[in-house]
Amino acid sequence: MAVTGREGDDDVDHYEVLRLPSGEEGAALSVERIDKAYRKQSRLRHPDKRPDDPDATADFQSLASSYEILRNESLRRQFDARLRGRREAAARAAAKGVKRRKAVSDLEERERAFAAGHAAELAKREEKRMAADIQRTLDDHFAPNKSCVSGVASTSGHGAPESEPKTDNGKILKVSWEGGADYYTAAKLDEIFTQFGTVEDIVIMFSKSKRKGSALVVMVSKEAARSALKNHSVYNVFPIPLSVAPVPIK
């Protein structure tokens, strides 16, 4: 498509109209080079060469107008200065856009980092809280002269002797499920985990939620507990799957 333009039209690059290099390279072109380009374009774009092009005459007039501007030393200097200002303005706008995008990107990155750090901190606090709750449950349940503590029920019949030392947390599994807090009884859990070794005790933990249940399963050894942890596929065959994890360390 032909490029059209008039003197003073800031949107027209007269060098491009003559199919010449623009910018600093265009400003350095000799008059002879401009004359040669004009003659060539005149032959190619003369209306007589394009009888079926309704824009041919306007295009040829623009070609002549651009040539006159570039052929005139004073007008050419003015145009070069205007073109240089246009390029500098575009460069400043581009630089400003880059800075703006970088500022937005930096802000978004800081927000993501803050959100991630905040989420990690909340997760860490929740993990500590859960570990503390479980440890309190263990301390209360296995403390000498205590067979049952408010909020915790041991229903397996494997109560630890009063003189028995504190249970090793490495033998204890935290078991949880969703879909009904009372779905799994101590007897049912004992039946499931006995396949990995002797179950010493099961503590059903009371919950305010009727849909979520949890318990602590005390295995006879760390090896039995590790075996139970490795066989997750066993717990997915039940209508309400079990989630089994080691007891978090406080």
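**Exercise 1.** In this predicted model, work out whether Arg-226 counts as buried, exposed or partly exposed, then find its salt-bridge partner.

*Solution.* Start with the accessibility: Arg-226 comes out at 41%. Buried would need under 20% and exposed over 50%, so Arg-226 counts as partly exposed. Next, look for a carboxylate: Glu-223 makes a salt bridge with Arg-226, with the closest N and O atoms 3.2 Å apart. Finally, check the spacing: the two residues are three apart in helix 7, so about one helical turn separates them.

**Exercise 2.** Stay with helix 7 and find out which of its residues are buried and what they pack against.

*Solution.* Helix 7 covers residues 222–230, and its buried residues are Ala-224, Ala-225 and Ala-228. They span an arc of only 100 degrees around the axis, so they sit on the same side of helix 7. Now see what they touch: these buried residues pack against strand 2 (172–178), helix 6 (186–193) and strand 4 (212–219).

**Exercise 3.** Take Arg-50 and trace its salt bridge to Asp-53, then the network around the pair.

*Solution.* The Arg-50 and Asp-53 side chains meet at 3.3 Å, N to O. Arg-50 is buried at 19% relative accessible area, while Asp-53 is partly exposed at 28%. Widen the view and you get a salt-bridge network linking Arg-45, Arg-50, Asp-53 and Asp-59.

**Exercise 4.** Which rings does Lys-188 sit over, and what cluster do those rings belong to?

*Solution.* Lys-188 lies over the face of Tyr-183, 4.3 Å from the ring centre. Its charged end also sits over the ring of Tyr-184, at 5.7 Å from the centre. Both tyrosines belong to a cluster of ring pairs with Trp-177 and Phe-238.

How values were computed:
Residues are numbered from 1 along each chain as its sequence is written. This is a predicted model: local features need pLDDT of at least 70, side-chain atom pairs count only at pLDDT 80 or more; totals for chains, interfaces and linings use all residues. Side-chain values use heavy atoms; hydrogens and water are left out. Rings of Phe, Tyr and Trp (its six-membered ring) pair if their centres lie within 6.5 Å; planes under 30 degrees apart count as stacked, over 60 as edge-to-face and the rest as tilted. A charge sits over a ring if NZ of Lys or CZ of Arg is within 6 Å of the ring centre and within 35 degrees of the ring normal. Buried means under 20% relative accessible area, exposed over 50%, partly exposed in between (1.4 Å probe, protein chains only). Helices (H or I, at least four residues) and strands (E, at least two) are DSSP runs, numbered from the N terminus. The arc is that of the directions from the helix axis to the C-beta atoms. Contact means heavy atoms within 4.5 Å. A salt bridge is a side-chain nitrogen of Lys or Arg within 4 Å of a carboxyl oxygen of Asp or Glu.
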